[in-house]
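This briefing is meant for a reader who is new to the structure. Please look at the sequence and the model before reading on.

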Amino acid sequence: MDHRELSKEIIRLTGGRENITQAWHCITRLRFNVCEEKKVHLEQIRALDGVLGAQFQNDQFQVVIGNKVAAVYEELEDQLKQAGAAEREAEPPRSRGLNAVLDTISGIFTPILPAIVGTGMLKGILALLVTLGAIQETSGEYQILASIANAAFYFLPFLLAVSSARKFKVNEYIALTLAGTLLYPTILNAYLENHLEPIRFLSLPVSIVNYTQSVIPIILGVWLLSYVHRWVDRFIPGPVKVIFTSMIVLVITVPILLIAIGPLGNYIGIYLEIGTSWLFAHSGPLTGIVLGGLMPVIVMTGMHYAFFPGTLQNLSKLGYDVLLLPLNLAANMSQAGAVMAVFLKTKNKSMKSIALSSGISAFLGITEPAIYGVTLKLKKPFYASIIGGAAGGGFITAVGLKCFGFAVPGLLSLPLYIDPRGGMSNFWYALIGVGISFVVSFTVTLLLKWDEPNMTLPAVSGLSEEGSAAELTAADTTTALTAGASESAKQPDQALSPPPVTVHSIEEKKGEIFSPLTGDLVLLKELPDPTFAEEMTGKGIAIYPKEGRVTAPFDGTVTMIAKSKHAIMLTSNSGIDILIHVGLNTVSLKGKFFEEKVVIGQRVNKGDLLLEFDLESIQAAGIDLTTPIIVANTPDYLDVVPVKVKGVIPLNELLLLTVR
């Protein structure tokens, strides 16, 4: 699925353009504010090809894409603009409490990341070049490059004015004018020349504050602007709105900003600096141990955005950060250590490939593919990454590691740990912290006994010794739903199979799945497609059909029908998600020879006809019709047990049992 098709499907399954009130993206995730959460088809989005995961966090809907998120967002934004999505009147439910704060911070700071990350990296490279003697600070080249590196921070109020205006839904150009007032020479020169006599407006003193590189004042100012604009706009007649509304809004907002809100925001920033210093002065390595270990969880829940105002404030005023960026560096390298250990240890070829690619991304500071694709699935490597992050975090806070610029915390950001005032000790501390995090996580992952993704049939008793081997997400059904298997698939042979499984007395709740087809049973491990053979999509069994009819395996609801009609997913009344994937490369037929008999959302009873297909024509096209029947939410169960594993099974006979 290309980026355009993926973005189109995400919009559709998010409830359509009318359900999306705001969309943006960070390093790996698409982020949405939606009108109604119930309109979002979460499981179907997780099953899309190209989606690593999807979740609701802090009143945001987040779709984890990975390294290609910018390209997908570009297509998504284009489609939303074409539909006039930004001009819809529908409003999402209001967030409250901490969720509202995190959602607001995320919406304001995420869009400006490209500017501050790009200039931050340039600042690190300049520091490295100066240290190596490759460039002189007095040279014209250095002065121009330094201007670029410092511009985003010096004029930070302008960047924040635009993103805040988008978040608070007020005109961006009026917000920019507000930022321009804060940085106007009259205000700036009064501060630089240390005027003792304050400027007055209607006899009220205007505090002289340096708003360059400031964070909080402009955000509070635009927030006030949004309310004033809505209030004024109600009273101005339509024909003269363009003339008078903005003028009146600015005349009201700017004095309040300069007299009260700006100084208040400035004091908030000062106390954020004081709070960070106090935290490290009184807790020392304990802060690094706790936050370094928990950083993956903090990032997954979006809580890291709560650190953004303080981080940017420290970088602006102090010139360095000692909290978010250094601890994120340790945590990211710990995640890299865990997945590289999985890469060396696992015998599962698919997991080895995922671990290698996500490990490279983690080294570059992008850890969502590693977290969602490897460590969380295998569980114990995730615990090992927490231990490694805690070890590295404790060290870097003990030595007071400083980061002198904003960048994605990965190996490429290491030049930002070179002190621009000279000396390399801070840089060496960064390397040692990275090494501790990586080595501890790598070693612990190798030492822990974690389960491989299960590739074999359960034992005769009907239960594996340790239950399901790895926790798999719905995103793992992607290949099964959207891409066929090997083009060189062959007719499965009826080799000797394990004896039929006999399920003994089990107290746990059992869910029954009946055969949707008539045909020969085939073990998943015998299939030529590793997606099914290695049970990446879940446990189950396959059937080679003898007739072209697919019926409902239980009472439930149709939740997905592939566009090419070759795959259908249902959810039982008890919550079993079943995937019926007719054939192994039938997606290439693009719906030819298939006819669906139901629609998404339709209620069905066991035995109801779901799908018909022309068995002879598909065979004549050289397509393997072996049909996997997979429990897509296998991790929700203690085990998934085939009632028998060889021979012919008739339609509607008991096929699988899910055991809780």
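The points below cover strands and sheets, salt bridges, cysteines, and a few surface features.

The model is predicted. Its strands include an open sheet of four and an open sheet of eight. The count of salt bridges comes to 15, and the count of disulfides comes to zero.

**The four-stranded sheet**

- Four strands make up an open sheet in the order β1-β2-β4-β3, and their pairing is antiparallel.
- β1 (20-25) and β3 (53-57) are at the edges; each has a single partner strand, so one side of each has no neighbour in the sheet.
- From one strand to the next, the twist averages 20 degrees.
- Five bridges pair β1 with β2 (residues 29-34) in the antiparallel sense.
- Within this pairing, Ile 20 is opposite Val 34 in β2.
- Strands of a sheet pair through backbone hydrogen bonds, in either a parallel or an antiparallel way.

**The eight-stranded sheet**

- The order of the eight strands in this open sheet is β15-β11-β12-β13-β17-β9-β8-β19, again with antiparallel pairing.
- β15 (603-604) and β19 (648-649) are the edge strands, and each of them pairs on one side only.
- Inside that order, strand β13 (residues 577-581) and strand β17 (residues 627-631) run antiparallel and are joined by three bridges.
- Ile 580 has Ile 629 of β17 standing opposite.

**Strands β18 and β20**

- Strand β18 (residues 639-642) is joined to β20 by four bridges, and the two run antiparallel.
- Pro 642 has Leu 656 in β20 as a bridge partner.
- Strand β20 (residues 654-659) is largely enclosed by the rest of the structure, because five of its six residues are buried.

**Salt bridges around Lys 563**

- Which residue forms a salt bridge with Glu 5? The partner is Lys 563, with the closest N and O atoms 2.7 Å apart.
- This pair links distant parts of the chain, 558 residues apart: Glu 5 lies in helix α1 (residues 3-13), while Lys 563 lies in the loop between β11 (556-561) and β12 (567-572).
- Glu 5 is partly exposed, since the relative accessible area is 25%, and Lys 563 counts as exposed at 61% relative accessibility.
- A salt bridge also joins the side chains of Glu 9 and Lys 563, at 3.4 Å from N to O.
- Here too the pair links distant parts of the chain, with Glu 9 in helix α1 and Lys 563 in the loop between β11 and β12, 554 residues apart.
- Is Glu 9 buried or exposed? Glu 9 counts as buried, because 7% relative accessibility is under the 20% limit.

**A salt bridge between Lys 38 and Glu 36, and a network**

- The side chains of Lys 38 and Glu 36 form a salt bridge with an N to O distance of 3.8 Å.
- Lys 38 is exposed at 73% relative accessibility, whereas Glu 36 is partly exposed with a relative accessible area of 30%.
- Separately, Glu 5, Glu 9, Arg 12 and Lys 563 are joined into one network by salt bridges that share partners.

**Cysteines**

- A disulfide is a covalent bond between the sulfur atoms of two cysteines.
- How many disulfides are there by the rule used here? The count comes to zero.
- Cys 35 is buried, with 11% relative accessible area.
- Cys 403 is buried as well, with a relative accessible area of 2%.

**A nonpolar surface patch**

- Val 242, Ile 243, Phe 244, Met 247 and Val 251 make a nonpolar patch of about 500 Å² on the surface.
- One of these residues, Val 251, is in helix α11 (residues 241-283).
- Val 251 counts as exposed because the relative accessibility is 54%, which is over the 50% limit.

**Glu 612**

- Glu 612 is found in strand β16 (residues 609-613).
- At 27% relative accessibility, Glu 612 counts as partly exposed.
- Between Glu 612 and Glu 595 the C-alpha to C-alpha distance is 5.3 Å, and the two are 17 residues apart in sequence.

Definitions and conventions. Residues numbered from 1 in each chain as written. Predicted model: local features only at pLDDT ≥ 70, side-chain atom pairs only at ≥ 80, totals over all residues. Heavy atoms only, no water. Disulfide = S-S within 2.5 Å. Buried < 20%, exposed > 50% of the residue type's maximum accessible area, 1.4 Å probe, protein only. Pairing = 2+ DSSP bridges. Axes fitted to C-alpha atoms, helices over the stretch in contact; angles between N-to-C directions. Patch = residues over 30% accessible without salt bridge, like charges linked within 9 Å, V, L, I, M, F, W, Y side chains within 5 Å. Areas by Shrake-Rupley, 256 points an atom, 1.4 Å probe, with all protein chains shown as cover. Salt bridge = Lys/Arg side-chain N within 4 Å of Asp/Glu carboxyl O.
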